[in-house]
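Subject: Handover of a structure and the findings on it

Dear colleague,

Please find below the sequence and the structure that I am handing over to you. My findings follow directly after them.

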Amino acid sequence: MRATASQRNNQNGLQYFLEGFRLMMRPGMKRFVFMPILVNIIILGGAFSWLYLQVDDWIEYLLTHLPSWLQWLKYLMWPMVLASILLIFGYFFSALANIIAAPFNSFLAEKVEAELRGIPAESMPWSDVIKDIPRTLHREWTRIKYYIPRALLILIISFVPVINVAAPFLWFIFGAWMLTLQYCDYAFDNHKISFPVMLASLKQDRITNMPFGGLVYIATMVPILNLFIMPASVCAGTALWVDRYRQKHLPQ
C-alpha cells in the first residue's frame with residue numbers, strides 16, 4: 001500500500017528510486033517489464049562487457065596525447081579520464097537501450113499509472129504497441145536533439161587542459177538530468193504533453209528530480225543491477241508523474 005497523498009508529495013528522489021523496484025515486482029506487473037529487461041540484457045550486458053575490455057587501452061591512448069609539459073599530470077588525470085569514459089558510455093548505452101525499448105516502456109508506464117490510480121488499465125494488444133512505435137521514436141529524437149549540443153559542449157571542455165578536471169562532474173550532473181527527463185517522459189508523452197512543457201515542469205522541482213536521475217545513473221554502471229534499472233526507472237518516473245504532475249497538467 002502506498003503512502004497518503006501528502007506523504008507522497010514529500011518523498012525524495014531516493015524514495016521514488018526504491019519505489020520503482022517495488023512497483024515492478026507487484027503482482028500482475030511482471031509481464032510488462034519482461035521486454036525492457038530483455039533489451040537491457042542484450043544492450044547493456046553486452047556493451048559494458050565490451051567496454052570493460054577496451055577501457056584500459058583507450059585511457060592509455062588518450063593520455064599519450066597529453067602535451068609534453070602536462071605529462072606530470074598523467075597519473076592525476078587517469079581516474080578523471082576513466083570516470084569520463086564510463087559516464088559518457090554509461091549514458092550512451094542506456095539511451096540506446098531506451099530507444100529500442102521505448103514503445104514497451106510507454107506501455108509499462110501506462111500500466112503503472114493505472115495501478116497507482118487504482119483504476120483498470122485499458123487493454124492494449126501488442127499490435128497497438130507496434131503501431132505506436134513512430135510516435136515514441138519521434139519523442140526519443142526530440143530528447144536526442146536536446147542532448148547533442150549540450151553533450152558536445154561538455155565534450156569540448158573534456159579536452160581543454162586544466163578546466164577539464166570538471167568534466168566528470170559535468171558529465172554526471174548532465175547525465176542525471178537527462179535520465180530524469182528520460183524516465184519521467186513516458187508518462188508525460190502518454191498524455192500527449194509536449195517535451196518543452198514537461199521540461200519546464202521538471203525544472204521547477206530539481207531538488208527531487210536530480211537525486212532520482214543521479215541514482216539511476218549510478219545504477220546503470222553497476223553490473224547485474226543495470227539489467228533491471230530500465231523498468232524500475234520507468235515505474236519510478238511514472239510514480240513521480242502521478243504524485244507531482246498529473247493533477248497540474250490533467251486537472252480533470
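A residue is called buried when its relative accessible area is under 20%, exposed when that area is over 50%, and partly exposed in between. By this rule I224 is exposed, because its relative accessible area is 61%. Please keep in mind throughout that this is a predicted model.

Overall layout

The chain has 10 helices and 0 strands. Read from the N terminus, its elements therefore run as an unbroken series of α. Of the 252 residues in the chain, 48% are buried. Among contacts between residues at least 6 apart in sequence, 77% join residues at least 24 apart. The structure holds 0 disulfides. For background, a disulfide is a covalent bond between the sulfur atoms of two cysteines. Two cysteines may still be noted here: C184 is buried at a relative accessible area of 0%, and C235 is buried with a value of 0%.

Helix α7

Helix α7 covers residues 167-190, which gives it 24 residues. From its first C-alpha to its last it reaches 35 Å, close to the 34 Å expected at 1.5 Å a residue. Where does α7 bend? The bend is at C184 and amounts to about 40°. As stated above, C184 is buried.

Why can α7 be described as largely enclosed by the rest of the structure? The reason is that 20 of its 24 residues are buried. A187 is a residue of this helix, and its relative accessible area of 0% makes it buried. Leaving aside neighbours within four places in sequence, A187 is in contact with A109, T238 and W241. A187 and S106 are 81 residues apart in sequence, yet their C-alpha atoms are 7.0 Å apart in space.

N98 and its surroundings

N98 lies in helix α4, which comprises residues 74-117. Is N98 buried or exposed? Its relative accessibility is 0%, so N98 counts as buried. Not counting residues up to four places away in sequence, N98 touches N105, E140, Q182, Y183, Y186 and M230. With one of these, Y186, the side chain of N98 forms a polar contact of 3.0 Å. Y183 is 85 residues from N98 in sequence, while the C-alpha atoms of the two are 9.2 Å apart in space.

Helix α6

Helix α6 spans residues 133-158 and has 26 residues. At 1.5 Å a residue it should span 38 Å, and its end C-alpha atoms are 35 Å apart, so the two values agree. A kink of about 25° lies at Y147, shortly before the proline P149. Y147 is one of the buried residues of α6, which also include T136, R139, E140, T142 and R143. In general, an α-helix has 3.6 residues a turn, so residues three or four places apart point the same way. You may wish to keep this in mind when viewing the list of buried positions.

Two residues with positive phi

Most residues other than glycine have a negative phi. Which residue with a positive phi follows α7? It is K192, with a phi near 60°, although K192 is not a glycine. K192 is found in the loop between α7 and α8 (195-203). With a relative accessibility of 58%, K192 counts as exposed.

I224 is also not a glycine, and its phi is positive at about 75°. I224 sits in the loop between α9 (206-220) and α10 (229-249). Its exposure was given at the start of these findings: the relative accessible area is 61%.

Regions annotated in the record

An unreviewed UniProt entry places the feature "transmembrane region" at residues 32-55, 75-101, 151-174 and 215-242. In the model, the span 32-55 is 100% helix and 0% strand, and its end C-alpha atoms lie 34 Å apart. The span 151-174 is 67% helix and 0% strand, and its end C-alpha atoms lie 8 Å apart.

Yours sincerely,
A colleague

Notes
Residues numbered from 1 in each chain as written. Predicted model: local features only at pLDDT ≥ 70, side-chain atom pairs only at ≥ 80, totals over all residues. Heavy atoms only, no water. Helix = DSSP H or I, 4+ residues; strand = E, 2+ residues; numbered from the N terminus. Expected span 1.5 Å × (residues − 1). Bend = angle between axes of the 7 residues up to and from the residue. Buried < 20%, exposed > 50% of the residue type's maximum accessible area, 1.4 Å probe, protein only. Disulfide = S-S within 2.5 Å. Contact = heavy atoms within 4.5 Å. Polar contact = N/O pair within 3.5 Å; in protein donor to acceptor, adjacent residues only side chain to side chain. UniProt positions renumbered as here; feature names shortened; annotations may be inferred.
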